[in-house]
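User: Please take a close look at the surroundings of one residue in this structure, and then explain the larger group of residues to which the description leads.

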Amino acid sequence: MYRLSNTVIGFLNLLTLLSSIPIIAAGLWMARSSTTCENFLQTPLLIIGFIILLVSLAGFIGACFHVAWALWAYLAIMLLLIAGLVALTVFGFAVTATGGGVQITGRAYREYKLQDYSPWLRKRVEDPHYWMTIRTCILGSNTCAKVVYWTPLDYLHRTMSPIQSGCCKPPTACTYGAAETTMLVQDEDCYRWNNGPSVLCYECKSCKAGVLESIRSDWRKLSVLNIVMLIVLIGVYSIGCCAFQNTKRAETDYPYGHNRMSKVRPRWDFYWWRWLHERRNQLY
């Protein structure tokens, strides 16, 4: 029974070792693709896949073949992963605390304002190089092609994704009649809108806000998943500590439970207690 932890750690790391192979394969497949969106996710997938592969290999070898240094490296990397995951989860909840959009009266969709999101997210999406990558990605996905053929009735009853709401149409409050336009002060996005299929509202702040809302939604789901993974990793780390102790014990020539003590070295307070005991016997 005392080697149960080694068996559990070995089995768990075998599963994670096998699961890392599809992740690496997906990253290599994305590297072959010319689509901007897929290349954008290529590097994180490859890094995560190789880290899981190496950590799982070290844990499997250390637990199953009683290699203490491999288990020590496995536990050290696991501790770093747990610390990094805690930091990432806290950061994710902090930057996605604001946003969510505003429900438009009489419509089934929401509209989004760029100033409602955290400064860190806004800085990322307002970077011209970063935004050009996202803009190319949205154009390649034909997200707005489904909205072009909507009737006015569709706009009243059909819902939209955040990107469709921000990038494929002007803000609902915009008015484009000649008389009204000269008298009203409208949102800046109203003047950025164009009917051209490659223009639309891709340079609008509402489009950037729609992208941030999609990122915010996905990130919050990922943060919840991170909490579940933290609980699992902490449990696996605890079992790994037991397996490490078993492996160190297996490297010696003594069987489990054998008393290897050759002499007793009393604690520092032993002599003081003995002196007090003798003095009390002398007095009484």
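Analyst: Leaving aside its neighbours within four places in sequence, Cys207 touches Trp131, Ile138, Gly166, Cys167, Cys201 and Tyr202. These contacts come from a predicted model.

Three of the names just mentioned return in the description of the largest nonpolar core: Ile138, Tyr202 and Cys207, together with Ile134, are the residues with the most contacts inside this core. The core as a whole has 29 residues. Two or more of its residues come from each of the elements α5 (119–126), α6 (128–141), α8 (162–167) and α11 (205–250). Among these, α11 makes the greatest contribution, giving five residues to the core.

Another core lies apart from the one described above. This separate core has 16 residues, including Ile9, Leu71, Ile82 and Leu85.

Empty space in the model may be considered next. The second largest pocket has a volume of about 250 Å³. Its lining is formed by 16 residues, and those nearest its centre are Cys144, Val148, Cys168, Pro197 and Leu200. Sorted by class, the lining contains twelve nonpolar residues, three polar residues and one charged residue.

Finally, the confidence of the prediction should be kept in mind. The protein chain has an average pLDDT of 78, and 78% of the residues score at least 70. Over residues 253–259, however, the pLDDT is below 50. Beyond near neighbours in sequence, that stretch has four contacts in the model.

Notes: Residues are numbered from 1 along each chain as its sequence is written. This is a predicted model: local features need pLDDT of at least 70, side-chain atom pairs count only at pLDDT 80 or more; totals for chains, interfaces and linings use all residues. Side-chain values use heavy atoms; hydrogens and water are left out. On a 1 Å grid over the protein atoms alone, a cavity is a set of points where a 1.4 Å probe fits but cannot get out, and a pocket is an open set with protein on both sides within 12 Å along at least five of seven lines; lining residues have an atom within 4 Å of a point. Grid points are joined across faces, edges and corners, and a volume is the space filled by probe spheres set on the points. Ala, Val, Leu, Ile, Met, Phe, Trp, Tyr, Cys and Pro count as nonpolar, Asp, Glu, Lys and Arg as charged, and the others, Gly among them, as polar. pLDDT is the predictor's confidence in each residue, from 0 to 100. Contact means heavy atoms within 4.5 Å. A nonpolar core is a set of buried Ala, Val, Leu, Ile, Met, Phe, Trp, Tyr and Cys residues joined through side-chain atoms within 4.5 Å. Buried means under 20% relative accessible area, exposed over 50%, partly exposed in between (1.4 Å probe, protein chains only). Helices (H or I, at least four residues) and strands (E, at least two) are DSSP runs, numbered from the N terminus.
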